[in-house]
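Before a word such as "buried" or "oblique" is accepted, it helps to ask what earns it. The turns below go through several such words one at a time.

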Amino acid sequence: MTDVTRVLSAIEHGDPQAAEQLLPLVYEELRKLAAAKLAHEMPGQTLQATALVHEAYIRLIDVGKGECWNSRGHFFGAAAEAMRRILVDSARRRRSAKHGGDRQREEIEASQLVAPDQCGDLLALDEALNKLACEDHAAAELVKLRYFAGLTVKQAAEILGVSARKADFVWAYARAWLRQEIEGD
């Protein structure tokens with residue numbers, strides 16, 4: 001049993017100090033996942049990798065929820081889902097009228113653009129991913145692990161308990177399904 005699995009088991013059994021022991025064990029991996037995800041966000045993103053990790057960790061170790069994880073992979077899957085929800089909430093907040101989402105943008109030359117607006121892309125992806133989850137839950141989980149947690153196909157396959165070949169097949173299917181759903185072709 002790994003240290004992470006042992007601490008997760010202690011949390012499940014109500015050990016109050018276990019949550020404090022977990023963060024140092026998983027922090028660096030969660031920080032790398034968060035940094036990889038934020039690298040795909042728009043320049044000027046105010047959410048930092050450290051803040052994303054801390055917010056996800058707080059959501060995961062909410063004492064009132066009584067969450068339990070059967071393994072390290074299950075925990076990181078839950079962390080990927082928490083990061084996804086935080087980023088989607090942030091994108092929605094940026095789009096809201098309160099945060100300037102209803103303001104008209106001025107036209108500028110394409111050569112002056114640093115990066116395209118990915119806020120709409122993230123919201124479209126979230127909507128399509130929710131539809132995919134209704135049709136094929138395993139494919140949706142694989143997308144979350146690959147896209148939002150930044151895991152490799154091999155790592156995601158291990159967490160999902162399938163072969164790397166099967167995960168590669170499901171990844172290709174999910175990407176095609178999501179592309180068709182988002183682009184409407």
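Q: What makes up the chain in terms of helices and strands?
A: In this predicted model, the chain has 8 helices and 0 strands, and reading along the sequence gives the pattern α-α-α-α-α-α-α-α. Buried residues account for 37% of its 185 residues. Among the contacts with a separation of 6 or more, 61% are between residues 24 or more positions apart.

Q: Why is helix 2 called oblique to helix 4?
A: Two packed helices are described by the angle between their axes and the distance between the axes. For helix 2 (residues 18-38) and helix 4 (residues 72-95), the angle is about 45° and the axes are 11 Å apart. An angle under 35 degrees would count as roughly parallel, and one of 65 to 115 as roughly perpendicular; the value of about 45° fits neither range, and therefore helix 2 is oblique to helix 4. The crossing of these two helices is right-handed.

Q: Which residues make the contact between helix 2 and helix 4?
A: Helix 2 contributes L22, V26, E29, L30, L33, A34, K37 and L38, while helix 4 contributes R72, F75, F76, A79, M83 and L87. Sorted by class, this contact has 11 nonpolar, no polar and 3 charged residues.

Q: How do you know whether I86 is buried or exposed?
A: I86 has its place in helix 4, and its relative accessibility is 6%. Buried means under 20%, so I86 counts as buried. Leaving aside neighbours within four places in sequence, I86 is in contact with L47, L52, E55, A56 and R59. One of these, E55, is 31 residues away along the chain, yet the C-alpha atoms of I86 and E55 are separated by 7.8 Å.

Q: Why does K144 count as buried or exposed?
A: The residue K144 lies in helix 6 and has a relative accessibility of 10%. With the cut-off for buried set at under 20%, K144 therefore counts as buried. Not counting residues up to four places away in sequence, K144 touches A80, E81, R84, L129 and A149.

Q: What makes helix 6 and helix 7 oblique to each other?
A: The axes of helix 6 (residues 137-148) and helix 7 (residues 153-160) come within 10 Å and cross at roughly 135°. To count as roughly antiparallel the angle would have to be over 145, and to count as roughly perpendicular it would have to be 65 to 115; roughly 135° meets neither condition, and therefore the two helices are oblique to each other. The crossing of helix 6 and helix 7 is right-handed. In their contact, A138, E141, L142, L145 and R146 of helix 6 meet V153, A156, I159 and L160 of helix 7, which by class gives 7 nonpolar, no polar and 2 charged residues.

Q: How do you know where the buried residues of helix 7 lie around its axis?
A: In helix 7, V153, A156 and A157 are buried. Looking down the axis of helix 7, these buried residues fall within an arc of 105°, so they line one face of the helix. Their cover includes helix 6 and helix 8 (164-183). The face turned away from the buried side carries K154 and E158, which are exposed.

Q: What follows helix 7?
A: Helix 7 is followed by G161, and the phi of G161 is positive, near 75°.

Note on methods
Residues numbered from 1 in each chain as written. Predicted model: local features only at pLDDT ≥ 70, side-chain atom pairs only at ≥ 80, totals over all residues. Heavy atoms only, no water. Axes fitted to C-alpha atoms, helices over the stretch in contact; angles between N-to-C directions. Helix = DSSP H or I, 4+ residues; strand = E, 2+ residues; numbered from the N terminus. Left-handed = near helix turned anticlockwise from the far one by under 90°. Contact = heavy atoms within 4.5 Å. Nonpolar A, V, L, I, M, F, W, Y, C, P; charged D, E, K, R; others polar. Buried < 20%, exposed > 50% of the residue type's maximum accessible area, 1.4 Å probe, protein only. Arc of directions from axis to C-beta.
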